[in-house]
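Here's a quick walk through a protein and the DNA beside it. Have a look at the sequence and the model first, and then we'll take it piece by piece.

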Amino acid sequence: MTSVPSGRPDPPPASAAASARVAVAPDPVGPGGRLQPLADDGTPLGPPRTVPDLARAVAEREAEGPPRWVWAATDELYARLLDRLPVRLARCHDLKLVEALLLGYEERHARPRSLGAAWARLHGLPEPADPRESGADDQPALFAADRHRLPPGTDHLAAVVAVHAAQLGRVAEAGHPGRLRVLCAAESAGALAAVEMGRDGLPWSADEHDAVLTSLLGPRPAGTARPEVLGRLTEEFQRAVGAPVNPDSPAQVLAAFARSGVALPSTRSHVLRESRHPAAAVLLRYKELSRIHSAHGWAWREQWVRGGRFRPEYVVGGVVSGRWATRGGGALQIPRLLRPAVRADPGHRLVVADAGQLEPRVLAALSGDPGLVRAAAGGDLYAGLARAAFDGDRSRAKIGLLAAMYGQTGGEAGRLVAELRRRFPAAMELLEATARTGEAGGTVRSRLGRTSPRPADDWQQAAAGAAGDEEDASPAQRAARAWGRFTRNFVVQASAADWALALLAALRRRLAGSPGARLVFFVHDEVVVHCPAALAPVVASAVTDAAAEATALVFGPTPVPFPLGTQVVECYADAK
DNA sequence: AGCCTACGCGCC
DNA sequence: AAAGGGCGCGTAGGCT
């Protein structure tokens, strides 16, 4: 285990003031449920209360002063409550997400994390496997309780109370309990935001979307036919290679190029761009248009855009680094070409906030490397880096630093990394130490304590199947290096995700006082808020304040600034 | 028909 | 010395 070095104290607990908690268990069927007030250490305060209308009881309790709601899974229970709640809930403790964080911290990554599984572990019972996560075609609501995997006859509320208390104890035993507490609170707040954002949706203009598609692909074809332009480009491509080749088949395309005397290593666009063969340019154009049509064409719009909103399903903790994933619609990959379709409602604005150079700043803050900290302090980190080590060549500085964080060693980038090692030894040593840990099969942690998984037991054998005729490295060595690149990047990416999650939570809390302002998008290092135009300045300053709060929570006092570029626009395409 | 992998590309 | 991290999704092409 390698911990991230730090000379700074733990941040304070997420809620310094004593705040009540309330455990929640919905009835298996119907609108009722049970509530159990808890002390901050998880001890029950008084008897549980049975209520006929859970949403109403939760709303009333929230109005008395928001407790931290403790429940099995936000994505299931909060999603059901939200429609019937007059307000949004301030705080929660998501047992499933916290269980996953703790299992990772305890290096038991592979274990199931449902409430039922956690309950079983507490009682020495066999652990039920996690249910298959799935989207729209899921089990009907009647079976929702089954998703928690509680053994039949188990009291849901008692299980919530017991697992919660046990989790608080496990957090307290961690190496940095304060940081882990922040992580659990931020992850849980993120789960609330994810449900809300999925509900509210991203403003999306079908007309603008169509205008973009039509300008690129021509008029919409009838039914599921492909646009004529794709047929024309296919024919043109086939004439150019002199064979009836499917342009969507990399194998056929490579063979056709080979027949005309051009050996390509792949059909990737950067390879095609270097080829002088006349078919290459046609193929590139075909790929570009075909991609838009198949990935974000009219069919996508009809499937995902309803009532002027794109509503993706966010999956909190969907990536081991703590980044979110999404299910359906590819929400985290909205192509730049389509951003004109993201438009604020009339009289509204989008406040788009983007954390610039987040990962290198995270590296500076984690390592405390004096040179890198100085470079970060100047505003443009890469420019500062360039002045210190690359004769002012900003692009080489950027390539070198990214290569160092990704573990690239070959070619020009490798030489740039060598220069970085001379000038920024502490930062580079942090990266190399985490890589060595991974190569040896160990785990590393983010700043707040999110822990990398261990490689599979047979990780070095499994890699033996890969074609390995290169160099002198054995398959096992190459597998070790690959895992080292993963852990090397994990610390930076996961700590950046810590910061972004803290930002989201802080911003969400600040926006609670402005009901017209809604978080509508979150992607790794960027948030978008939709609000009435008059509110935009307030939202923009809330964003700035939230960034400062996130920096303090995650990194404590640090000389490294984490600036958030904030823009107020009507259309997403106009941002930066 | 469904299931799986490889490939390629979009985003960060 | 070492040949670039994380995703979702669509298509092709092989498998059962």
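A polar contact here is a pair of N or O atoms within 3.5 Å; within protein, one must be able to donate a hydrogen and the other to accept it, and residues adjacent in sequence count only if both atoms are side-chain atoms. This is a predicted model, where local features need pLDDT of at least 70 and side-chain atom pairs count only at pLDDT 80 or more, while totals for chains, interfaces and linings use all residues. Residues are numbered from 1 along each chain as its sequence is written, chains are lettered from A and ligands numbered from 1 in the order in which they are written, and side-chain values use heavy atoms, with hydrogens and water left out.

**The two DNA strands**

Let's start with the polar contacts to DNA.

| Protein residue | Protein atom | DNA atom | Distance |
|---|---|---|---|
| Ser269 | backbone N or O | phosphate oxygen, strand B | 2.7 Å |
| Arg323 | polar side-chain atom | base oxygen, strand B | 2.9 Å |
| Arg336 | polar backbone atom | phosphate oxygen, strand B | 3.1 Å |
| Asn246 | polar side-chain atom | phosphate oxygen, strand C | 3.1 Å |
| Gly329 | polar backbone atom | phosphate oxygen, strand C | 3.2 Å |
| Thr409 | backbone N or O | phosphate oxygen, strand C | 3.1 Å |

A residue counts as near a strand if one of its heavy atoms lies within 4 Å of it. DNA strand B has 16 such residues around it, and Thr267, Ser269, Arg323, Gln333 and Asp525 come nearest. Of the strand B atoms within 4 Å of the protein, 83% are sugar or phosphate and the rest belong to bases. The surface near strand B has seven charged, five polar and four nonpolar residues. For these classes, Ala, Val, Leu, Ile, Met, Phe, Trp, Tyr, Cys and Pro are nonpolar, Asp, Glu, Lys and Arg are charged, and the others, Gly among them, are polar.

DNA strand C has 26 residues around it, with Ser249, Gly328, Gln333, Thr409 and Arg485 nearest. Here 72% of the strand C atoms within 4 Å of the protein belong to sugar or phosphate, and the rest to bases. By class, the strand C surface counts 15 polar, seven charged and four nonpolar residues.

Helices (H or I, at least four residues) and strands (E, at least two) are DSSP runs, numbered from the N terminus. Helix H11 (278-296), strand S10 (325-327) and helix H20 (475-511) each supply at least two residues of the surface near strand C. Which element gives the most to that surface? That's H20, with five residues.

**A sheet with H20 on it**

H20 turns up again beside a sheet. Two strands pair if DSSP finds at least two bridges between them. Four strands make an open, antiparallel sheet in the order S12-S13-S11-S14. Strand S12 (518-522) and strand S14 (564-569) sit at the edges with a single partner strand each, so one side of each has no neighbour in the sheet. Strand S11 (residues 348-355) pairs with S14 over six bridges, and Ala353 stands opposite Thr566 in S14. H20 packs on this sheet, touching S11, S12, strand S13 (526-532) and S14; contact means heavy atoms within 4.5 Å.

**Helix H1**

Finally, look at H1 (residues 54-63), where Leu54, Ala55, Ala57, Val58, Ala59 and Glu62 are buried, meaning under 20% relative accessible area (1.4 Å probe, protein chains only). Just after H1, Gly65 takes a positive phi of about 125°.

Note on methods:
Buried means under 20% relative accessible area, exposed over 50%, partly exposed in between (1.4 Å probe, protein chains only). Axes are lines fitted to C-alpha atoms, for helices over the stretch in contact, and angles run from 0 to 180 degrees between N-to-C directions.
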